[in-house]
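Reader: I am new to reading protein models and would love a close look at one part of this one. Could you walk me through it slowly?

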Amino acid sequence: MKWTSELRLLKDYHPSDTYNEIIIAGPCAIESHEQIEEISEFLKELGIDFMRGGAYKHRTSPYSFSGLGEKGLKIISDVCRANKQLVVSEILSIDQLPLFDKYVDIIMIGARSMRNYPLIHSTSKLGKPMIIKRSMDSTLKDWLFAAEHAFYHGAKDVILCERGVKTFDPEFRNILDISSASFITENYNIPLIVDPSHGTGVKEIMGKVAKAFLAIGAKGYMLEIHNNPAIAKCDAEQALTFEEFKKIYDSHKEVLSPLNYS
Ligand code: PEP
Ligand code: MN
């Protein structure tokens, strides 16, 4: 792949934080203080330090719940700071940067924004850790160059998140690309995680998929969980219950810790 020679900054990148593992969980969308508190407490009991929650949601329909905005960011920030957890949330536009600077620890560039270079540039300038999700219609090259853009504009720490690309198969929300992920873990030091929630949309296979990515060197995974999935305002069908999430988390601890970080 000739174009890889142009990934100058990615090639030399060594994360300043050598995360052993990056396990991120939380709801698709922040809905209320009670919801975030309950989920955060549950994650704290498991020893999970990263909590996700969307305050601004890209929705297909303008009539769907699109997030609580600043109120949501304040809720997740208050709860997570009290519980010593890091807040992961997706930014949608440049004008939201001051709020993300104030409330969010790891700023996520969502799949739909992976090619929004002005947003990547401005976010990178903040110097906060970022997650760059793969766009659903991007090649490996497009995705890695999004990270190169981030480093070029001052990003210090970047995590890549494979969330799947479009598939012709209606049984799955997307299809996860383990070849691209393996190429990345083989050639670069940038931490890579997988999002089996959006990557599959199918609860019963999320644990196995996460394990497969850990086995090829992913640093962790991000999963959507909810204290009451039946009433979730966004992505309810793919939200794991606490019990379902714990089962996945416990099985990784047993099976993969010797494999993963040697
Ligand atoms: C999300 O993680 O909340 C999300 C919307 O995912 P994606 O950008 O991968 O579609
Ligand atoms: Mn979601």
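How many nonpolar, polar and charged residues are there in the lining of the second largest pocket?

Author: Happy to help! Please keep in mind that this is a predicted model. By class, the lining of the second largest pocket holds two nonpolar, three polar and six charged residues.

Let's put names to them. The residues lining the second largest pocket are Lys-203, Glu-204, Gly-207, Lys-208, Lys-211, Leu-240, Glu-244, Lys-247, Ile-248, Ser-251 and His-252. Two helices, α9 (206–215) and α10 (242–260), each supply at least two residues of this lining. The largest share, five residues, comes from α10. As for the space inside, the second largest pocket has about 240 Å³.

You can set this beside the largest pocket, whose volume is about 420 Å³. The largest pocket is lined by 21 residues, and those nearest its centre are His-58, Arg-112, Arg-173, His-198 and Asp-235. Its lining divides into five nonpolar, six polar and 10 charged residues.

Two of those central names, His-198 and Asp-235, turn up again at the metal. The manganese ion (ligand 2) is coordinated by Cys-28 through SG, His-198 through NE2, Glu-224 through OE and Asp-235 through OD, at 2.0 to 2.4 Å. Along the sequence, the spacing of these donor residues reads C-x169-H-x25-E-x10-D. The pair Cys-28 and His-198 links distant parts of the chain, 170 residues apart. Cys-28 sits in the loop between β1 (22–26) and α2 (33–46), while His-198 belongs to helix α8 (residues 196–200).

Now for the wider setting. Eight strands form a closed barrel in the order β1-β2-β3-β4-β5-β6-β7-β8, with parallel pairing. From one strand to the next, the twist averages 25°. As an example, strand β7 (residues 192–194) pairs with strand β8 (residues 220–224) in the parallel sense over two bridges. Here Ile-193 stands opposite Gly-220 in β8.

Helices pack on this sheet too. Helix α3 (residues 70–82) touches β2 (50–52) and β3 (86–91), and its direction makes about 165° with that of β3. Helix α6 (residues 140–152) touches β5 (130–133), β6 (158–162) and β7, with its direction at about 160° to that of β6.

To come back to your pocket, try finding α10 in the picture, since that helix gives five residues to the lining. Then look for α9, which supplies at least two.

Definitions and conventions
Residues numbered from 1 in each chain as written. Chains lettered and ligands numbered in written order. Predicted model: local features only at pLDDT ≥ 70, side-chain atom pairs only at ≥ 80, totals over all residues. Heavy atoms only, no water. Pairing = 2+ DSSP bridges. Helix = DSSP H or I, 4+ residues; strand = E, 2+ residues; numbered from the N terminus. Axes fitted to C-alpha atoms, helices over the stretch in contact; angles between N-to-C directions. Contact = heavy atoms within 4.5 Å. 1 Å grid on protein atoms, 1.4 Å probe; cavity = no way out; pocket = protein on both sides within 12 Å on 5 of 7 lines; lining within 4 Å. Points joined across faces, edges and corners; volume = space filled by probe spheres on them. Nonpolar A, V, L, I, M, F, W, Y, C, P; charged D, E, K, R; others polar. Donors = N, O, S within 2.8 Å, 3.2 Å for Na, K, Ca; no water.
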